[in-house]
2 protein chains.
Amino acid sequence: MSFKTTATISSFGGKLLKLTHNASTTGCEMALNLYLPPQATANRKVPVLFYLSGLTCTGDNCAEKGFFQYGASQKGIAVVYPDTSPRGLKIQGEDDAYDFGTGAGFYIDATAAPWSTNYKMESYITSELPKALYAAFPELDSSRVSITGHSMGGHGALTLFLKNPGMYKSVSAFAPISNPINAPWGQKAFKGYLGDNQEEWKKHDATELIKKWKGKFNALIDVGTGDNFYKQKQLLPENFAEAAKSSGNDKELTLRYQEGYDHSYYFISTFSTDHVNHAAKYLFE
Amino acid sequence: MSFKTTATISSFGGKLLKLTHNASTTGCEMALNLYLPPQATANRKVPVLFYLSGLTCTGDNCAEKGFFQYGASQKGIAVVYPDTSPRGLKIQGEDDAYDFGTGAGFYIDATAAPWSTNYKMESYITSELPKALYAAFPELDSSRVSITGHSMGGHGALTLFLKNPGMYKSVSAFAPISNPINAPWGQKAFKGYLGDNQEEWKKHDATELIKKWKGKFNALIDVGTGDNFYKQKQLLPENFAEAAKSSGNDKELTLRYQEGYDHSYYFISTFSTDHVNHAAKYLFE
């Protein structure tokens with residue numbers, strides 16, 4: 001479970017650690033980035049924000065282009081940037097498409113062969129990775145954790161929050177895949193990872209999950225109106241908003257449509273400080 | 001001279017334009033990025049900051065990873081991210097090395113064949129490109145212009161400022177190649193582009209130029225102490241500082257050694273807002 005630190009990079013007054021470890025859930029070496037803000041010391045624990053990346057990304061893209069470190073260094077929050085799937089397993093078909101297999105784990109535990117052996121990203125993100133991190137880095141406060149993500153990672157953030165009451169203090173998302181059972185990306189992934197039973201798919205769909213949610217739902221969601229995937233109805237945030245409203249879970253939901261913004265890291269970087277501040281509100285309350 | 005806009009991307013409340021144009025100085029199509037902050041309108045001109053990139057980069061790297069748009073949107077400054085050389089000319093040897101030819105124009109006008117026909121980056125940056133931009137974008141204020149850059153682009157920023165009194169209101173640099181005639185990168189480039197006469201080289205060396213400078217020299221320079229190229233003596237900022245001091249040009253020079261920072265965009269993004277603010281001080285005075 002122990003981590004290998006392959007690089008330590010100064011960033012916004014803190015340190016970005018490039019880490020690898022052998023993960024048992026995914027059965028392979030996993031790489032990630034961990035940002036420790038300047039406030040993190042042996043004697044002072046800092047809260048933790050998980051950032052889940054979108055299709056095709058690794059933990060590197062957002063660490064380089066998302067500028068979460070800027071806000072995180074101001075607030076004193078550690079940021080974890082995990083990878084988006086197992087890698088290098090040589091499963092037949094894993095590299096055939098950008099939206100399935102490598103780089104496209106969808107933050108669920110696959111139940112259909114051949115994916116079910118290694119594609120356990122839900123267990124990895126919610127259990128193995130945080131446990132390993134909290135054991136290895138005592139400056140991380142395991143009792144104060146929030147989650148955010150982009151696109152497929154926005155789906156991951158919303159669903160892992162809704163599936164694990166109490167695990168995260170808050171949730172936010174950039175251009176999340178909000179209703180995957182009704183969108184091409186989600187349907188392809190869920191069919192491949194979960195099989196044909198669409199009742200099983202619903203357990204991993206944010207719009208379905210919010211309908212049954214009881215409790216606080218303090219979420220910030222940003223979607224760009226110039227986002228081609230939004231226009232192509234891959235994201236469907238309006239379905240999620242409607243389900244949140246009809247179930248009375250929209251009281252603390254802020255869904256912002258950002259005029260003209262696209263799906264890229266230019267969009268994420270513009271609003272990442274808002275998302276850090278959103279998390280900080282609950283991590284420091 | 002007119003520009004083609006290949007993309008318009010929302011970023012920090014403004015627009016990042018991806019542009020191409022046919023440049024006569026370099027004899028090829030040149031690509032660049034132009035950031036127009038939200039303050040730029042047809043009726044309100046904004047000052048301009050040129051950012052010159054380092055070896056191997058295009059205008060894209062810093063637009064994605066440098067975080068300049070954040071500060072520029074706060075201050076109301078346009079940022080120009082030019083390319084680092086002509087491209088695609090099929091000159092023999094142009095793609096043989098990362099530190100000469102393509103991606104390595106060094107912001108000088110070559111005088112040695114075969115480079116002297118197209119490698120005219122000094123004329124491109126100081127004359128053709130700004131003229132074309134000011135003609136095409138009336139929201140840019142041609143009377144308020146500053147310059148900055150990284151590594152090879154830091155050399156470009158310092159030397160173009162010192163060779164063109166009055167052209168730029170201020171200058172700053174990240175990890176600049178400060179004394180190229182005494183460093184391997186500079187010696188290779190100057191020999192290739194300028195020939196064997198080392199007296200000619202001195203005309204393009206910031207440390208030589210500052211010795212003869214008369215006037216204000218309001219410069220901010222950041223260098224990371226963990227920068228391997230600094231350690232390998234490719235940058236030599238200490239030679240520049242010594243020359244500035246001995247010539248009495250260090251009164252408004254701020255040279256900061258940033259503990260532990262490397263040569264990457266993680267370093268640039270951490271301090272880019274300081275450099276925007278430095279330029280703003282003189283662009284808005």
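These exercises, each with a worked solution, concern a predicted model.

**Exercise 1. Relating the chains**

Task: State which rotation and shift superpose chain B on chain A, and name the relation.

Solution.
- Step 1. Two copies of a chain are related by a rotation about an axis and a shift along it.
- Step 2. Here chain B is brought onto chain A by a rotation of 180 degrees, with 0.0 Å of shift along the axis and an RMSD of 0.0 Å.
- Step 3. This is the relation of a two-fold axis.
- Step 4. To place the axis, look at B:K65: within chain B, its C-alpha is the nearest to the axis, at 2.6 Å.
- Step 5. Both copies use the same surface, since 95% of the contact residues of chain B recur in chain A.

**Exercise 2. A salt bridge**

Task: Find which residue of chain B forms a salt bridge with A:E64, and decide why the pair joins two chains.

Solution.
- Step 1. Side chains of opposite charge can pair when their charged atoms come close.
- Step 2. The partner of A:E64 is B:K65, with an N to O distance of 3.8 Å.
- Step 3. The cut-off is 4 Å between the side-chain nitrogen and the carboxyl oxygen, so the pair at 3.8 Å counts as a salt bridge.
- Step 4. A:E64 belongs to helix α1 (residues 59-65) of chain A and B:K65 to helix α1 (residues 59-65) of chain B, so the pair joins two chains.
- Step 5. For the whole structure, a search over all chains gives 28 salt bridges.

**Exercise 3. Two packed helices in chain A**

Task: Describe how helix α2 and helix α10 of chain A cross, and list the residues in contact.

Solution.
- Step 1. Two packed helices are described by the angle between their axes and the distance between the axes.
- Step 2. Helix α2 (residues 68-75) of chain A and helix α10 (residues 265-283) of chain A have axes that come within 8 Å and cross at roughly 30 degrees.
- Step 3. Angles under 35 degrees count as roughly parallel, and α2(A) is therefore roughly parallel to α10(A).
- Step 4. The crossing of α2(A) with α10(A) is right-handed.
- Step 5. From α2(A), the contact takes in A:F68, A:Y70, A:G71, A:A72 and A:K75. From α10(A) come A:I268, A:S272, A:T273, A:H275, A:V276, A:N277 and A:A280.
- Step 6. Sorted by class, this contact of α2(A) with α10(A) has 6 nonpolar, 5 polar and 1 charged residues.

**Exercise 4. The pair in chain B**

Task: Give the angle and the axis distance for helix α2 and helix α10 of chain B.

Solution.
- Step 1. Helix α2 (residues 68-75) of chain B packs on helix α10 (residues 265-283) of chain B at about 30 degrees, and their axes are 8 Å apart.
- Step 2. α2(B) and α10(B) are therefore roughly parallel to each other.
- Step 3. α2(B) passes α10(B) in a right-handed crossing.

**Exercise 5. Backbone exceptions**

Task: Locate the cis peptide bond before A:P114 and the one before B:P114, then examine phi at A:F106.

Solution.
- Step 1. Most residues other than glycine have a negative phi, and most peptide bonds are trans.
- Step 2. In chain A, the bond from A:A113 to A:P114 is cis, with omega near 0 degrees. A:P114 sits in the loop between β5 (78-82) and α3 (121-136) of chain A.
- Step 3. In chain B, a cis peptide bond links B:A113 to B:P114, with omega about 0 degrees. B:P114 is in the loop between β5 (78-82) and α3 (121-136) of chain B.
- Step 4. A:F106 is not a glycine, yet its phi is positive, about 60 degrees. A:F106 lies in the loop between β5 and α3 of chain A.

Definitions and conventions:
Residues are numbered from 1 along each chain as its sequence is written. Chains are lettered from A and ligands numbered from 1 in the order in which they are written. This is a predicted model: local features need pLDDT of at least 70, side-chain atom pairs count only at pLDDT 80 or more; totals for chains, interfaces and linings use all residues. Side-chain values use heavy atoms; hydrogens and water are left out. Axes are lines fitted to C-alpha atoms, for helices over the stretch in contact, and angles run from 0 to 180 degrees between N-to-C directions. Helices (H or I, at least four residues) and strands (E, at least two) are DSSP runs, numbered from the N terminus. Angles under 35 degrees count as roughly parallel, over 145 as roughly antiparallel, 65 to 115 as roughly perpendicular and the rest as oblique. A crossing is left-handed if the near helix is turned anticlockwise from the far one by less than a right angle, and right-handed if clockwise. Contact means heavy atoms within 4.5 Å. Ala, Val, Leu, Ile, Met, Phe, Trp, Tyr, Cys and Pro count as nonpolar, Asp, Glu, Lys and Arg as charged, and the others, Gly among them, as polar. Copies are superposed by least squares on the C-alpha atoms of residues with pLDDT of at least 70 in both.
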